[in-house]
Amino acid sequence: MLTSDQLRAVRYYIGDVSGNDPFWSQPKAYLVLNSLLFPGIETEKARAAEGKLLDPELLSDTGRLLKVYRELFSAFRQNTAENTLLTYRVERWSDHLVNRSAGRTVSFTSTSAAGFLSEYRDRSGIALLRFKIPAGTPCLHMARILPEYAKSQEAEVLLPPFMELSYRELSMTEEELKILDSDGQPPKGCFEVTCGKARLPELDTAELPQEGADAGKRLYTALCSGRSPSPEDISAYIEWKGAFHRILQK
(Lines give C-alpha, C1' and ligand atoms only; values in the text may rest on other atoms or scores of the structure.)
Protein backbone atom coordinates (compact mmCIF):
# COMPACT_ATOMS: atom_id res chain seq x y z
CA MET A 1 0.00 0.00 0.00
CA LEU A 2 1.22 3.47 -0.86
CA THR A 3 0.65 6.43 1.43
CA SER A 4 -1.29 9.35 0.01
CA ASP A 5 1.96 11.34 -0.47
CA GLN A 6 3.66 8.39 -2.19
CA LEU A 7 0.64 7.87 -4.43
CA ARG A 8 0.58 11.53 -5.40
CA ALA A 9 4.30 11.47 -6.27
CA VAL A 10 3.97 8.29 -8.34
CA ARG A 11 0.95 9.61 -10.24
CA TYR A 12 2.80 12.88 -10.79
CA TYR A 13 5.79 11.05 -12.24
CA ILE A 14 3.73 9.01 -14.72
CA GLY A 15 1.71 12.07 -15.78
CA ASP A 16 -1.62 11.06 -14.23
CA VAL A 17 -2.42 14.63 -13.15
CA SER A 18 -5.36 17.01 -13.05
CA GLY A 19 -6.25 20.55 -12.01
CA ASN A 20 -4.51 23.79 -12.90
CA ASP A 21 -1.80 24.12 -10.26
CA PRO A 22 1.35 25.20 -12.19
CA PHE A 23 3.41 22.44 -10.54
CA TRP A 24 1.06 19.52 -9.84
CA SER A 25 -0.79 19.68 -13.17
CA GLN A 26 2.36 19.21 -15.31
CA PRO A 27 1.89 15.91 -17.25
CA LYS A 28 5.50 15.79 -18.46
CA ALA A 29 7.23 16.47 -15.15
CA TYR A 30 9.27 13.27 -15.57
CA LEU A 31 11.34 15.07 -18.22
CA VAL A 32 12.76 17.40 -15.57
CA LEU A 33 12.77 14.82 -12.76
CA ASN A 34 15.01 12.61 -14.90
CA SER A 35 17.12 15.35 -16.50
CA LEU A 36 18.10 16.57 -13.05
CA LEU A 37 19.73 13.19 -12.35
CA PHE A 38 22.07 13.29 -15.36
CA PRO A 39 25.42 15.12 -15.25
CA GLY A 40 25.97 18.28 -17.28
CA ILE A 41 23.27 19.61 -19.60
CA GLU A 42 23.49 17.22 -22.58
CA THR A 43 20.30 15.43 -21.55
CA GLU A 44 18.42 18.72 -21.22
CA LYS A 45 19.70 19.78 -24.66
CA ALA A 46 18.62 16.47 -26.23
CA ARG A 47 15.11 16.69 -24.81
CA ALA A 48 14.68 20.33 -25.86
CA ALA A 49 15.94 19.50 -29.38
CA GLU A 50 13.18 16.86 -29.59
CA GLY A 51 10.60 19.54 -28.81
CA LYS A 52 9.98 18.37 -25.24
CA LEU A 53 9.11 20.89 -22.55
CA LEU A 54 11.44 21.39 -19.61
CA ASP A 55 9.10 23.26 -17.29
CA PRO A 56 10.94 25.95 -15.25
CA GLU A 57 8.14 25.84 -12.65
CA LEU A 58 9.55 22.61 -11.26
CA LEU A 59 12.64 24.51 -10.05
CA SER A 60 10.65 27.27 -8.33
CA ASP A 61 10.52 25.51 -4.96
CA THR A 62 13.45 23.20 -4.20
CA GLY A 63 11.85 21.88 -0.99
CA ARG A 64 8.72 20.83 -2.87
CA LEU A 65 10.82 19.20 -5.57
CA LEU A 66 12.93 17.26 -3.06
CA LYS A 67 9.74 16.01 -1.39
CA VAL A 68 8.60 14.45 -4.68
CA TYR A 69 11.90 12.54 -4.95
CA ARG A 70 11.72 11.56 -1.27
CA GLU A 71 8.25 10.07 -1.68
CA LEU A 72 9.26 8.24 -4.85
CA PHE A 73 12.34 6.76 -3.15
CA SER A 74 10.26 5.66 -0.16
CA ALA A 75 7.77 3.95 -2.51
CA PHE A 76 10.63 1.97 -4.07
CA ARG A 77 11.87 0.90 -0.64
CA GLN A 78 8.61 -0.89 0.12
CA ASN A 79 7.82 -2.32 -3.34
CA THR A 80 9.87 -5.09 -4.94
CA ALA A 81 9.40 -7.61 -7.75
CA GLU A 82 7.63 -10.72 -6.48
CA ASN A 83 9.03 -12.83 -9.32
CA THR A 84 11.59 -12.30 -12.08
CA LEU A 85 10.18 -9.76 -14.56
CA LEU A 86 11.11 -9.32 -18.22
CA THR A 87 10.47 -5.81 -19.50
CA TYR A 88 11.41 -3.61 -22.46
CA ARG A 89 12.55 -0.07 -23.15
CA VAL A 90 13.24 2.07 -26.22
CA GLU A 91 16.11 4.17 -24.85
CA ARG A 92 17.70 7.34 -26.16
CA TRP A 93 21.16 6.24 -27.35
CA SER A 94 22.97 9.09 -25.61
CA ASP A 95 21.25 8.23 -22.29
CA HIS A 96 22.08 4.57 -22.83
CA LEU A 97 25.76 5.44 -23.11
CA VAL A 98 25.66 7.42 -19.85
CA ASN A 99 23.94 4.58 -17.97
CA ARG A 100 26.21 1.94 -19.42
CA SER A 101 29.34 3.91 -18.61
CA ALA A 102 28.12 4.45 -15.05
CA GLY A 103 27.11 0.78 -14.71
CA ARG A 104 23.83 1.82 -13.11
CA THR A 105 20.54 3.56 -13.67
CA VAL A 106 21.35 7.26 -13.58
CA SER A 107 17.70 8.32 -13.48
CA PHE A 108 14.29 6.77 -12.98
CA THR A 109 13.92 4.24 -15.79
CA SER A 110 10.53 3.40 -17.25
CA THR A 111 10.20 -0.09 -18.74
CA SER A 112 7.20 -1.92 -20.15
CA ALA A 113 5.98 -5.48 -19.76
CA ALA A 114 4.12 -4.99 -23.06
CA GLY A 115 7.17 -4.88 -25.36
CA PHE A 116 8.85 -1.97 -27.15
CA LEU A 117 6.29 0.85 -27.08
CA SER A 118 5.94 2.92 -30.25
CA GLU A 119 5.20 6.15 -28.36
CA TYR A 120 8.75 6.16 -27.00
CA ARG A 121 10.47 6.19 -30.39
CA ASP A 122 10.25 9.99 -30.63
CA ARG A 123 13.98 10.47 -30.08
CA SER A 124 17.02 10.75 -32.30
CA GLY A 125 19.19 7.65 -31.95
CA ILE A 126 17.76 4.71 -30.00
CA ALA A 127 18.79 1.49 -28.25
CA LEU A 128 16.50 -1.45 -27.55
CA LEU A 129 16.83 -2.72 -23.98
CA ARG A 130 15.45 -6.01 -22.65
CA PHE A 131 15.46 -5.82 -18.86
CA LYS A 132 15.74 -8.79 -16.53
CA ILE A 133 14.46 -7.72 -13.10
CA PRO A 134 15.16 -10.42 -10.47
CA ALA A 135 12.71 -11.15 -7.67
CA GLY A 136 13.30 -8.80 -4.75
CA THR A 137 14.44 -5.89 -6.96
CA PRO A 138 12.97 -2.50 -5.96
CA CYS A 139 10.54 -1.44 -8.68
CA LEU A 140 7.11 0.10 -9.11
CA HIS A 141 4.80 -2.21 -11.06
CA MET A 142 2.09 0.33 -11.80
CA ALA A 143 -0.72 -2.13 -12.52
CA ARG A 144 -0.16 -3.71 -9.09
CA ILE A 145 0.42 -0.68 -6.88
CA LEU A 146 -2.06 1.87 -8.27
CA PRO A 147 -5.74 1.52 -7.33
CA GLU A 148 -6.57 3.03 -10.73
CA TYR A 149 -4.02 2.98 -13.57
CA ALA A 150 -4.77 5.57 -16.25
CA LYS A 151 -2.13 4.26 -18.68
CA SER A 152 -2.65 0.51 -18.32
CA GLN A 153 -1.74 -0.07 -21.98
CA GLU A 154 1.84 0.91 -21.16
CA ALA A 155 2.19 -1.84 -18.51
CA GLU A 156 4.89 0.27 -16.86
CA VAL A 157 7.45 -1.11 -14.46
CA LEU A 158 9.55 1.77 -13.11
CA LEU A 159 13.11 1.25 -11.87
CA PRO A 160 14.84 3.58 -9.40
CA PRO A 161 18.07 5.54 -9.93
CA PHE A 162 21.38 4.22 -8.57
CA MET A 163 20.68 0.54 -9.40
CA GLU A 164 23.57 -1.56 -10.74
CA LEU A 165 23.16 -2.76 -14.33
CA SER A 166 25.03 -5.35 -16.38
CA TYR A 167 24.80 -5.43 -20.17
CA ARG A 168 24.97 -8.14 -22.83
CA GLU A 169 24.68 -7.18 -26.48
CA LEU A 170 22.10 -9.08 -28.53
CA SER A 171 21.47 -9.55 -32.23
CA MET A 172 18.35 -7.79 -33.48
CA THR A 173 15.48 -9.57 -35.21
CA GLU A 174 14.04 -8.33 -38.49
CA GLU A 175 11.07 -6.93 -36.61
CA GLU A 176 13.30 -5.06 -34.17
CA LEU A 177 15.25 -3.51 -37.04
CA LYS A 178 11.96 -2.01 -38.22
CA ILE A 179 11.66 0.00 -34.99
CA LEU A 180 12.75 3.43 -36.18
CA ASP A 181 13.76 6.58 -34.33
CA SER A 182 12.49 10.09 -35.01
CA ASP A 183 14.92 10.40 -37.92
CA GLY A 184 13.74 7.15 -39.51
CA GLN A 185 16.88 5.27 -38.47
CA PRO A 186 16.95 1.73 -37.01
CA PRO A 187 18.23 1.05 -33.47
CA LYS A 188 21.96 1.40 -32.90
CA GLY A 189 21.98 -1.70 -30.73
CA CYS A 190 19.98 -4.15 -28.64
CA PHE A 191 21.00 -5.25 -25.14
CA GLU A 192 19.92 -7.55 -22.37
CA VAL A 193 20.17 -5.57 -19.14
CA THR A 194 20.19 -7.33 -15.78
CA CYS A 195 19.34 -5.29 -12.68
CA GLY A 196 21.45 -5.60 -9.53
CA LYS A 197 21.60 -3.88 -6.18
CA ALA A 198 21.50 -0.19 -5.38
CA ARG A 199 24.95 1.38 -5.46
CA LEU A 200 25.28 4.63 -3.56
CA PRO A 201 28.49 6.54 -2.87
CA GLU A 202 29.16 8.04 0.54
CA LEU A 203 28.70 11.76 0.07
CA ASP A 204 28.30 14.85 2.19
CA THR A 205 25.26 16.99 1.57
CA ALA A 206 25.60 20.45 0.12
CA GLU A 207 23.78 23.76 0.11
CA LEU A 208 21.25 24.47 -2.64
CA PRO A 209 21.27 28.22 -3.25
CA GLN A 210 18.16 29.43 -5.08
CA GLU A 211 20.44 31.27 -7.50
CA GLY A 212 21.41 27.94 -9.06
CA ALA A 213 17.78 26.89 -9.46
CA ASP A 214 16.97 30.29 -11.00
CA ALA A 215 19.83 29.77 -13.47
CA GLY A 216 18.27 26.41 -14.31
CA LYS A 217 14.91 28.04 -14.98
CA ARG A 218 16.53 30.48 -17.40
CA LEU A 219 18.47 27.63 -18.99
CA TYR A 220 15.27 25.61 -19.55
CA THR A 221 13.53 28.62 -21.07
CA ALA A 222 16.44 29.28 -23.42
CA LEU A 223 16.79 25.66 -24.57
CA CYS A 224 13.06 25.24 -25.19
CA SER A 225 13.05 28.50 -27.17
CA GLY A 226 15.89 27.32 -29.40
CA ARG A 227 18.42 29.69 -27.85
CA SER A 228 21.79 29.01 -26.25
CA PRO A 229 21.86 29.56 -22.46
CA SER A 230 24.43 31.99 -21.12
CA PRO A 231 27.75 30.49 -19.95
CA GLU A 232 27.05 31.91 -16.48
CA ASP A 233 23.70 30.12 -16.25
CA ILE A 234 25.20 26.86 -17.51
CA SER A 235 27.96 27.00 -14.90
CA ALA A 236 25.62 27.93 -12.02
CA TYR A 237 23.07 25.27 -12.98
CA ILE A 238 25.65 22.49 -13.29
CA GLU A 239 27.11 23.41 -9.89
CA TRP A 240 23.61 23.44 -8.36
CA LYS A 241 22.82 20.11 -10.00
CA GLY A 242 25.92 18.55 -8.46
CA ALA A 243 24.77 19.63 -5.00
CA PHE A 244 21.27 18.37 -5.77
CA HIS A 245 22.70 14.92 -6.68
CA ARG A 246 24.57 14.73 -3.40
CA ILE A 247 21.42 15.51 -1.42
CA LEU A 248 19.40 12.88 -3.28
CA GLN A 249 22.07 10.21 -2.88
CA LYS A 250 22.48 11.05 0.80
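## A walk through a predicted fold

Let's start with helix α9: its buried residues are covered by, among others, α2 (29-35), α3 (42-49), α4 (62-77) and α8 (210-224). Keep in mind as you look around that this is a predicted model.

**Helices α9 and α8**

Which residues of α9 are tucked away? The buried ones are D233, Y237, W240, K241, A243, F244, H245, L248 and Q249. The helix itself covers residues 231-249, so find that stretch on the screen and count along it: by the usual rise of 1.5 Å a residue, its 19 residues are expected to span 27 Å. From first C-alpha to last, α9 reaches 27 Å, close to that expectation.

Now turn to α8, one of the elements covering α9. How far apart should the ends of α8 be? At 1.5 Å a residue, its 15 residues should span 21 Å, and the end C-alpha atoms are indeed 21 Å apart, so the two values agree. The buried residues here are G212, A213, A215, G216, L219, Y220, A222 and L223. They pack against α2, α3, α4 and α9. Just past the end of α8 you'll meet G226, which takes a positive phi of about 80°.

**Two loop residues with a positive phi**

Most residues other than glycine have a negative phi. With that in mind, have a look at A155, which is not a glycine and still has a positive phi of about 45°. F162 is another case, with a positive phi near 70°. Where do they sit, and are they buried or exposed? The table puts them side by side.

| Residue | Phi | Loop | Relative accessible area |
|---|---|---|---|
| A155 | about 45° | between α6 (142-145) and β5 (156-159) | 19%, buried |
| F162 | near 70° | between β5 and β6 (163-170) | 8%, buried |

Buried means under 20% relative accessible area, so A155 at 19% counts as buried. F162, at 8%, is buried by that rule too.

**G125 and its neighbours**

G125 is found in the loop between β2 (109-112) and β3 (126-133). Its relative accessibility is 5%, and therefore it counts as buried. What does G125 touch, leaving out residues up to four places away in sequence? The list is E91, R92, W93, D181 and K188. There's also L180 to look for: it is 55 residues from G125 in sequence, but the two C-alpha atoms are 8.8 Å apart in space.

**The whole chain**

Zoom out and you can count 9 helices and 7 strands. Along the principal axes, the C-alpha atoms fill a box of roughly 50 × 40 × 40 Å. Why does a compact globule fit as a description? With 250 residues, such a globule would have a radius of gyration near 18 Å, and the chain has 18 Å, which agrees.

How much of the chain is buried? Of its 250 residues, 50% count as buried. Contacts also reach across the sequence: among those between residues at least 6 apart, 79% join residues at least 24 apart.

On the outside, the accessible surface comes to about 11900 Å², and 49% of that belongs to carbon and sulfur atoms. As for charge, there are 31 positive and 34 negative side chains, and the centres of the two sets lie 3 Å apart.

Methods: Residues numbered from 1 in each chain as written. Heavy atoms only, no water. Helix = DSSP H or I, 4+ residues; strand = E, 2+ residues; numbered from the N terminus. Buried < 20%, exposed > 50% of the residue type's maximum accessible area, 1.4 Å probe, protein only. Contact = heavy atoms within 4.5 Å. Rg over C-alpha atoms; globule rule 2.2 N^0.38 Å. Areas by Shrake-Rupley, 256 points an atom, 1.4 Å probe, with all protein chains shown as cover. Lys, Arg positive; Asp, Glu negative; His and termini not counted. Charge placed at Lys NZ, Arg CZ, Asp CG, Glu CD.
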